[in-house]
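Hi everyone, thanks for coming. I'd like to walk you through a structure that's probably new to most of you, so let's get it up on the screen.

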Amino acid sequence: MNALLEPITAWYDAHARDLPWRRPGTSPWSVMVSEFMLQQTPVNRVLPVHEAWLERWPSPADLAAEPSGEAVRAWGRLGYPRRALRLHASAVAITEQFGGEVPDTYDDLRTLPGVGDYTAAAIASFAFGRAHPVLDTNVRRVLGRTLGGVEFPAPGVTRAERDLAASLVPEVDPEVWAVAVMELGALVCTASGPRCDGCPVFDECAWQRLGKPPYDGPARKTQAYAGTDRMCRGRLLAVLRDAPGSVPRSRLDAAWAEPVQRERALASLLDDGLVVQEGQRFRLP
DNA sequence: AACACGTGGTT
DNA sequence: TAACCAAGTGT
């Protein structure tokens with residue numbers, strides 16, 4: 001029995017954001033595209049790209065018919081462009097192996113590139129109403145606080161945490177619970193500055209009852225960016241995204257001064273399939 | 001299990 | 001300003 005279910009779903013009914021991929025009649029493909037884009041990228045930056053993407057490629061087959069480089073270009077500055085490559089590869093797999101329809105089971109979804117545990121559960125739940133624990137960073141934080149009494153969950157999902165999340169999934173309208181608890185984490189039970197005043201489960205929250213003790217687990221590592229290979233890759237790829245065709249090596253040289261790191265980054269981009277070399281020129285795949 | 005992987009807004 | 005944070009996945 002889940003004491004959080006009623007208050008959180010009631011709160012969701014009153015406060016949910018109107019997002020395109022949540023509207024009635026939205027296609028599973030629209031949900032899938034949103035889930036790929038939302039992997040580590042905030043909603044506000046996803047919104048315009050998602051809209052343009054669905055307009056250009058209304059179905060998986062539409063995307064699959066184009067070179068993967070077009071997906072990388074359309075991905076723009078959402079970050080982690082390998083996701084664009086994987087979304088394109090998933091569209092190809094859906095077209096070739098699933099008759100052009102986004103698979104409607106967790107196990108089939110899980111076979112697609114770029115679809116991990118969270119994304120498979122999310123698509124199965126949001127697009128098809130299936131019952132799965134949808135355990136993203138928001139849900140982990142909400143459950144960690146309300147039921148665990150800690151400000152932040154430990155790095156890495158434990159078996160116990162997964163079992164707990166599974167035990168909370170209701171038989172009726174499981175997808176509403178999934179989206180509601182996620183939304184609460186996104187809007188109220190936020191990582192910093194949680195709005196506990198407006199929380200529908202204030203009285204059920206263990207962390208609140210304990211006086212909101214600060215996180216005391218293992219250090220959560222922060223990611224450096226300036227000067228890293230990731231930044232270098234981003235600069236190189238931006239040159240190719242903004243060029244209509246291929247570019248000479250000199251254009252890449254101009255984008256990053258340090259030659260050893262530049263060559264290492266370019267090699268990794270080639271290795272990832274994000275960049276293709278033809279002769280002495282470079283382009284998107 | 002730890003690490004690599006983009007980008008930009010907020011504090 | 002540097003750090004933190006954002007609906008993770010693959011190796």
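**A walk through the model**

So, to start with the overall layout: between the C-alpha centres of domain 1 and domain 2 there's a distance of 24 Å. Keep in mind that what you're looking at is a predicted model. Where do those domains sit in chain A? Domain 1 runs over 5-128, domain 2 is made of 137-171 + 178-209, and domain 3 covers 229-283. As for how domain 1 and domain 2 touch, 14 residues on the domain 1 side are in contact with 15 residues on the domain 2 side.

Okay, on to the DNA. Let's take strand B to begin with. Which residues come nearest to DNA strand B? There are 18 residues around the strand, and the nearest ones are Arg 45, Arg 77, Pro 81, Arg 230 and Arg 233. If you sort the surface near DNA strand B by class, you get 9 charged residues, 5 polar and 4 nonpolar.

What about the DNA side of that? Sugar or phosphate makes up 59% of the atoms of DNA strand B within 4 Å of the protein, and bases make up the rest.

Now for some individual contacts. Have a look at Arg 233: an N or O atom in its side chain is 2.3 Å from a phosphate oxygen of DNA strand B. Tyr 80 uses its backbone instead, with an N or O atom there lying 2.8 Å from a sugar or linking oxygen of DNA strand B. And Gln 40 has a backbone N or O atom 3.2 Å from a base nitrogen of DNA strand B. So from those three you can pick out a phosphate, a sugar or linking oxygen and a base.

In terms of elements, helix 6 (82-97) and helix 13 (229-242) each put at least two residues into the surface near DNA strand B. Which helix gives the most? That's helix 13, with 5 residues.

Right, over to strand C. How many residues surround DNA strand C? The count is 27, and the closest are Gly 114, Thr 119, Asp 136, Asn 138 and Thr 222. Of the strand C atoms that come within 4 Å of the protein, 69% are sugar and phosphate. By class, the surface near DNA strand C holds 10 nonpolar, 8 polar and 9 charged residues.

Gln 40 comes back here, by the way. We met its backbone beside a base nitrogen of DNA strand B, and its side chain has an N or O atom 3.0 Å from a phosphate oxygen of DNA strand C. Asn 138 also reaches a phosphate oxygen of DNA strand C, at 2.8 Å from an N or O atom in its side chain. Tyr 118 goes for a base: one of its polar side-chain atoms is 3.4 Å from a base nitrogen of DNA strand C. The elements giving two or more residues to the surface near DNA strand C are helix 3 (43-56), helix 8 (117-128) and helix 9.

Last topic: the cavities. How many are there of 30 Å³ or more? The structure holds 2. In the largest cavity there's about 110 Å³ of space. Its lining is 14 residues, and nearest the centre you'll find Arg 145 together with Cys 189, Cys 196, Cys 199 and Cys 205. Helix 9 (137-146) and helix 12 (206-209) are the elements with two or more residues in that lining, and helix 9 gives the most, with 3. The lining breaks down into 11 nonpolar, 2 polar and 1 charged residues.

The second largest cavity has a volume of about 70 Å³. Among the residues lining this cavity are His 132, Leu 143, Leu 168, Trp 177 and Val 181. Helix 9 turns up again, along with helix 10 (159-168) and helix 11 (174-187), as an element giving two or more residues to this lining. Here it's helix 11 that gives the most, with 3 residues. And the classes? This lining has 10 nonpolar residues, 1 polar and no charged.

That's the tour, thanks for listening!

Conventions. Residues are numbered from 1 along each chain as its sequence is written. Chains are lettered from A and ligands numbered from 1 in the order in which they are written. This is a predicted model: local features need pLDDT of at least 70, side-chain atom pairs count only at pLDDT 80 or more; totals for chains, interfaces and linings use all residues. Side-chain values use heavy atoms; hydrogens and water are left out. On a 1 Å grid over the protein atoms alone, a cavity is a set of points where a 1.4 Å probe fits but cannot get out, and a pocket is an open set with protein on both sides within 12 Å along at least five of seven lines; lining residues have an atom within 4 Å of a point. Grid points are joined across faces, edges and corners, and a volume is the space filled by probe spheres set on the points. Helices (H or I, at least four residues) and strands (E, at least two) are DSSP runs, numbered from the N terminus. Ala, Val, Leu, Ile, Met, Phe, Trp, Tyr, Cys and Pro count as nonpolar, Asp, Glu, Lys and Arg as charged, and the others, Gly among them, as polar. A residue is near a molecule or strand if one of its heavy atoms lies within 4 Å of it. A polar contact is a pair of N or O atoms within 3.5 Å; within protein, one must be able to donate a hydrogen and the other to accept it, and residues adjacent in sequence count only if both atoms are side-chain atoms. Domain bounds come from an automatic or database domain assignment. Contact means heavy atoms within 4.5 Å.
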